[in-house]
Amino acid sequence: MIIALTLSIVIIIVILYFTIDVNTINILSSVNIKYEFFAIAICLNILYWFLWGARIMVLSKAIDKNVNLNLWDSTKIIHIITPQILPI
């Protein structure tokens, strides 16, 4: 977990270092940001987690009927497999 988090942070810093300059900051500071789009994106991301968890739950039941996996546990599996989508 620590290695994955560290690697993600290092990669983000490297990408930002090579892609952001003074011109980028000037343009972003002059744009009027609509924060409701951020709220919509966060809600869609959370919905995506639960849909992906439901997919894993259905697939695990199809493979083995004795699997006792609920939606919450299958959603937590998504966070373990893909930690880059874990903003919480």
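**Exercise 1. Determine how the end-to-end reach of helix α3 compares with the span expected at 1.5 Å a residue.**

Solution. Helix α3 covers residues 35–63, a run of 29 residues. From its first C-alpha to its last it reaches 42 Å. The expected value is 1.5 Å times one less than the number of residues, which here gives 42 Å, and the reach of α3 is close to that. The model is a predicted one.

**Exercise 2. Place helix α3 in the secondary structure of the whole protein and describe the burial of the protein.**

Solution. The protein has 4 helices and 0 strands. Read from the N terminus, the order of elements is α-α-α-α. Of its 88 residues, 11% count as buried. The exposed area is about 7500 Å², and carbon and sulfur atoms supply 74% of that area. As for contacts, take those between residues at least 6 apart in sequence: 34% of them join residues at least 24 apart.

**Exercise 3. Identify the buried residues in α3, then classify S60 and list its contacts beyond its neighbours within four places in sequence.**

Solution. In α3, the residues W49, G53, I56 and S60 are buried. Consider S60, which is found in helix α3. The cut-off for buried is under 20% relative accessible area. S60 counts as buried because its relative accessibility is 14%. With neighbours within four places in sequence set aside, S60 is in contact with V67 and L69.

**Exercise 4. Name the residues of the nonpolar surface patch of about 520 Å² and classify I27, Y35 and F38 by accessibility.**

Solution. The patch is made by I27, V31, I33, Y35 and F38. I27 is found in helix α2, which spans residues 22–30. Exposed requires over 50% relative accessible area, and partly exposed lies between that cut-off and the one for buried. I27 has a relative accessible area of 47%, so I27 is partly exposed. Y35, at 58% relative accessibility, therefore counts as exposed. F38 stands at 49% and so counts as partly exposed.

**Exercise 5. Count the aromatic pairs and describe the geometry of Y35 with F38 and of Y48 with W52.**

Solution. Ring centres must lie within 6.5 Å to pair; the count comes to 3 aromatic pairs. One of them is formed by Y35 and F38, with 6.1 Å centre to centre and 35° between the planes. Planes under 30 degrees apart would be stacked and over 60 edge-to-face, so the Y35 and F38 pair is tilted. Y35 and F38 are separated by about one helical turn because they are 3 residues apart in helix α3.

Y48 and W52 also form a tilted pair, with 5.8 Å centre to centre and 35° between the planes. Both lie in helix α3, 4 residues apart, about one turn of the helix. An α-helix has 3.6 residues a turn, so residues three or four places apart point the same way. Y48 has 39% relative accessibility and therefore counts as partly exposed. W52 counts as partly exposed because its relative accessibility is 32%.

Conventions
Residues are numbered from 1 along each chain as its sequence is written. This is a predicted model: local features need pLDDT of at least 70, side-chain atom pairs count only at pLDDT 80 or more; totals for chains, interfaces and linings use all residues. Side-chain values use heavy atoms; hydrogens and water are left out. Helices (H or I, at least four residues) and strands (E, at least two) are DSSP runs, numbered from the N terminus. Buried means under 20% relative accessible area, exposed over 50%, partly exposed in between (1.4 Å probe, protein chains only). Contact means heavy atoms within 4.5 Å. Patches are made of residues with over 30% relative accessible area and no salt bridge: like charges are joined within 9 Å, nonpolar side chains (Val, Leu, Ile, Met, Phe, Trp, Tyr) within 5 Å. Accessible areas come from the Shrake-Rupley method with a 1.4 Å probe; for residues, only the protein chains shown count as cover. A salt bridge is a side-chain nitrogen of Lys or Arg within 4 Å of a carboxyl oxygen of Asp or Glu. Rings of Phe, Tyr and Trp (its six-membered ring) pair if their centres lie within 6.5 Å; planes under 30 degrees apart count as stacked, over 60 as edge-to-face and the rest as tilted.
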